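Let's take a walk through this fold together, going from its strands to its interior. Have the viewer open as you read.

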Amino acid sequence: MDESIGHLPIDHIVILTGAGISAESGIKTFRDHNGLWENHPIEKVASPQGFVENPELVQNFYNLRRLQLKDVEPNKAHQAIADFQKDSKSKVTIITQNVDDLHERAGSENIIHIHGELRKIRHLETGEIKYFEGKIEKYNQSLWRPHIVWFGEQILNSYEIREALNSATLFLSIGTSGQVYPAAGFVNQLHSLGIPCIELNQEKTSDLFEHSFLGDATASVPTFFSQLRHQ
Ligand code: NAD
């Protein structure tokens with residue numbers, strides 16, 4: 001990262017993360033794979049219609065994603081955020097579109113999962129949500145579904161998100177393509193209020209970011225937070 005970040009208002013840093021922050025841990029993104037998520041067309045495995053058409057395929061898909069969590073570890077980008085959260089006086093809120101648990105396992109707190117969590121399942125009739133580590137087997141797949149927000153469904157925790165955005169003094173977007181709404185609209189909202197918005201990604205996704213630090217998250221995120229500590 002050659003560019004200096006200057007002096008940034010860090011009272012309340014709101015960080016939006018996407019699949020790109022977990023890519024170097026070995027969890028694939030989907031925009032980088034022609035709209036396929038682990039070789040499946042996204043609408044087949046991430047939509048209510050897909051679930052109705054082929055519940056077994058969808059349950060197996062999330063069973064595998066859930067099992068995959070046991071083989072991956074948080075990377076330097078997750079760790080840099082968690083370390084900053086621990087050491088700094090700033091309030092830090094993480095809004096993640098990711099359904100993995102790598103922010104939690106890096107030691108972060110104050111994490112809002114807007115698209116659900118692989119390690120939770122939801123009862124189809126009662127709406128009960130519980131932690132779950134294993135596979136949803138065929139015999140109970142008509143009772144429980146992954147606690148994942150599929151395309152066309154309402155995001156989770158909208159009240160907490162609104163509260164966080166309303167008090168943000170700095171907005172960081174890390175490893176997200178900015179194509180999935182409403183998260184993609186956060187930068188419009190905060191930029192129009194004059195809040196500095198910065199992205200760290202392999203590609204530039206919007207002109208609304210004051211700085212776009214391009215590169216791999218495991219390199220750019222630790223460098224960025226190191227600069228923030230010393231600003
Ligand atoms: P996306 O797949 O649409 O975009 C990923 C972005 O990350 C791209 O802009 C890409 O350039 C960038 N990127 C890729 N590798 C990177 C790296 N090493 N360092 C920095 N940036 C990198 O992801 P999205 O915007 O999060 O939207 C996808 C949706 O799919 C999410 O909402 C999520 O629910 C779901 N998803 C989640 C996971 C996960 O939980 N880890 C993985 C895949 C998809």
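**From the sheet to the core**

Strand 4 and strand 5 make a good place to begin: they run parallel and are joined by 3 bridges. If you would like a residue pair to click on, take I95, whose bridge partner in strand 5 is I112. Keep in mind as you look that this is a predicted model.

Now widen the view. The pair belongs to an open sheet of 6 strands, paired in parallel and ordered 5-4-1-9-10-11. Its edges are strand 5 (111-113) and strand 11 (211-214), each of which pairs on one side only. Leaving direction aside, neighbouring strands in this sheet are turned by 15° against each other on average.

Next, bring in a helix. Helix 5 lies across strand 1, strand 4 and strand 9, and runs at about 150° to strand 4.

What about the interior? In soluble globular proteins, nonpolar side chains tend to be buried together. Here the largest nonpolar core holds 23 residues, and V221, F224 and F225 have the most contacts inside it. Two or more residues apiece come from strand 1 (12-17), strand 4 (91-96), strand 9 (170-174) and strand 10 (197-201), as well as from helix 5 (76-87) and helix 9 (217-229). Which element gives the largest share of this core? Helix 9 does, with 5 residues.

One further stop remains. Apart from that core lies another, made of 18 residues, with L16, I155, A168 and F186 among them.

Terms used:
Residues numbered from 1 in each chain as written. Predicted model: local features only at pLDDT ≥ 70, side-chain atom pairs only at ≥ 80, totals over all residues. Heavy atoms only, no water. Core = buried A, V, L, I, M, F, W, Y, C linked by side-chain atoms within 4.5 Å. Buried < 20%, exposed > 50% of the residue type's maximum accessible area, 1.4 Å probe, protein only. Helix = DSSP H or I, 4+ residues; strand = E, 2+ residues; numbered from the N terminus. Pairing = 2+ DSSP bridges. Axes fitted to C-alpha atoms, helices over the stretch in contact; angles between N-to-C directions. Contact = heavy atoms within 4.5 Å.
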